[in-house]
Amino acid sequence: MSRKKNPMKLYYATTSPYSRKVRIVARECLVSDDIEEVLVNPFEDDARLLAANPAGLVPTLMMDNNTPLIDSPVICHYLISLSKNKTLLPDDNEQYWQVRQLEAQADAILDQALGVVMEKRRETKWQSPIVLARKYEKLERCLSRLPEYTDTPATTLTLGDIAIGCALSYLEFRIPDLNWRAQRPDLDKWQKSLNPRLSFQETRPGD
Ligand SMILES: N[C@@H](CCC(=O)N[C@@H](CS)C(=O)NCC(=O)O)C(=O)O
């Protein structure tokens, strides 16, 4: 995808919602041409990923000076800083912190969701119904504290919106029994309004 001689490298997985967030941000702020996306399986201890990130997590970005950046919020902020985009992360102090808060709320949902997915991957006899029930409760609580979405963010899409959009679609992908769409029609409508964007279409989660 990249046109550059020494492009940045983004280690990612197609099913990773944190990776998806970064890939959408790269597309929305028009820096994706400067990035080579490198598909890895973080659960197979890929040597390239471990060299860049000792924790072996995706996403991990190798900047064009071969220095790594880890953790999706850090990577998203870095990519936005390279671009001229002022919508994803507004300059206005109050709006900036609203966006950061939304981003953190989305990551909190993802952290709980990933916990559910990992717990369910254990053999049934080792799974803890208490752990799972607590995580489902947290997810329900987090969803009910999201702001009320009424508008489509066609021209005002922020990093917070991208993060929430990715978190919601990950819930549908990996925890369909949570059935959040049926419980929250406004959120359902809002999330569906993001799907036609090329950045969301090109990064749809898939095994
Ligand atoms: N806080 C990190 C979380 C990244 C993360 O947990 N990634 C998962 C994939 S969704 C991973 O790489 N897991 C591999 C492992 O746990 O070994 C971020 O926002 O980037």
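Where in the chain is Asp46 found? Asp46 sits in the loop that runs between strand 2 (35-39) and helix 2 (47-52). Keep in mind as you look around that this is a predicted model.

Let's stay with Asp46 for a moment. Is Asp46 buried or exposed? Its relative accessibility is 17%, and buried means under 20%, so Asp46 counts as buried. If you skip residues up to four places away in sequence, Asp46 touches Val40 and Asn41.

**The whole chain**

Now zoom out. The chain has 9 helices and 4 strands. Walk along from the N terminus and you meet them in the order β-α-β-α-β-β-α-α-α-α-α-α-α.

How does the radius of gyration of the chain fit with a compact globule? A compact globule with 207 residues would have a radius of gyration near 17 Å, and the chain has 17 Å, so the two agree. Measure out a box along the principal axes, and the C-alpha atoms fill roughly 50 × 40 × 30 Å. Of the 207 residues, 47% are buried. Contacts also reach along the sequence: take those between residues at least 6 apart, and 71% of them join residues at least 24 apart.

**Some backbone oddities**

Here is a bit of background before the next stop. Most residues other than glycine have a negative phi, and most peptide bonds are trans.

Which peptide bond is cis, with omega near 0 degrees? That is the bond from Val58 to Pro59. You can find Pro59 in the loop between helix 2 and strand 3 (60-62).

Then there are Asn66 and Asp71. Asn66 is not a glycine, yet its phi is positive, and the same can be said of Asp71, also a non-glycine with a positive phi. The table puts their values together.

| Residue | Phi | Relative accessible area |
|---|---|---|
| Asn66 | about 65 degrees | 55% |
| Asp71 | about 85 degrees | 47% |

Where do they sit? Look for Asn66 in the loop between strand 3 and strand 4 (68-70). Asp71 belongs to the loop between strand 4 and helix 3 (72-82). Exposed means over 50%, so Asn66, at 55%, is exposed. Asp71, at 47%, is partly exposed because its value falls between the 20% and 50% cut-offs.

**A cavity inside**

Time to look for empty space. Rolling a probe the size of a water molecule over the atoms shows where such space is left.

How many cavities of 30 Å³ or more does a search of the whole structure find? The search turns up 1. The largest cavity has a volume of about 40 Å³.

Which residues line the largest cavity? They are Thr14, Thr15, Ser16, Pro17, Arg20, Cys166, Ser169, Tyr170 and Pro205. Two elements, helix 1 (17-28) and helix 6 (159-174), each give two or more residues to this lining. Helix 6 gives the most, with 3 residues. Sort the lining by class and you get 4 nonpolar, 4 polar and 1 charged residues. Domain 1 (8-82) and domain 2 (93-197) each supply at least three residues to the lining of the largest cavity.

Key: Residues numbered from 1 in each chain as written. Predicted model: local features only at pLDDT ≥ 70, side-chain atom pairs only at ≥ 80, totals over all residues. Heavy atoms only, no water. 1 Å grid on protein atoms, 1.4 Å probe; cavity = no way out; pocket = protein on both sides within 12 Å on 5 of 7 lines; lining within 4 Å. Points joined across faces, edges and corners; volume = space filled by probe spheres on them. Nonpolar A, V, L, I, M, F, W, Y, C, P; charged D, E, K, R; others polar. Domains from an automatic or database assignment. Buried < 20%, exposed > 50% of the residue type's maximum accessible area, 1.4 Å probe, protein only. Contact = heavy atoms within 4.5 Å. Rg over C-alpha atoms; globule rule 2.2 N^0.38 Å.
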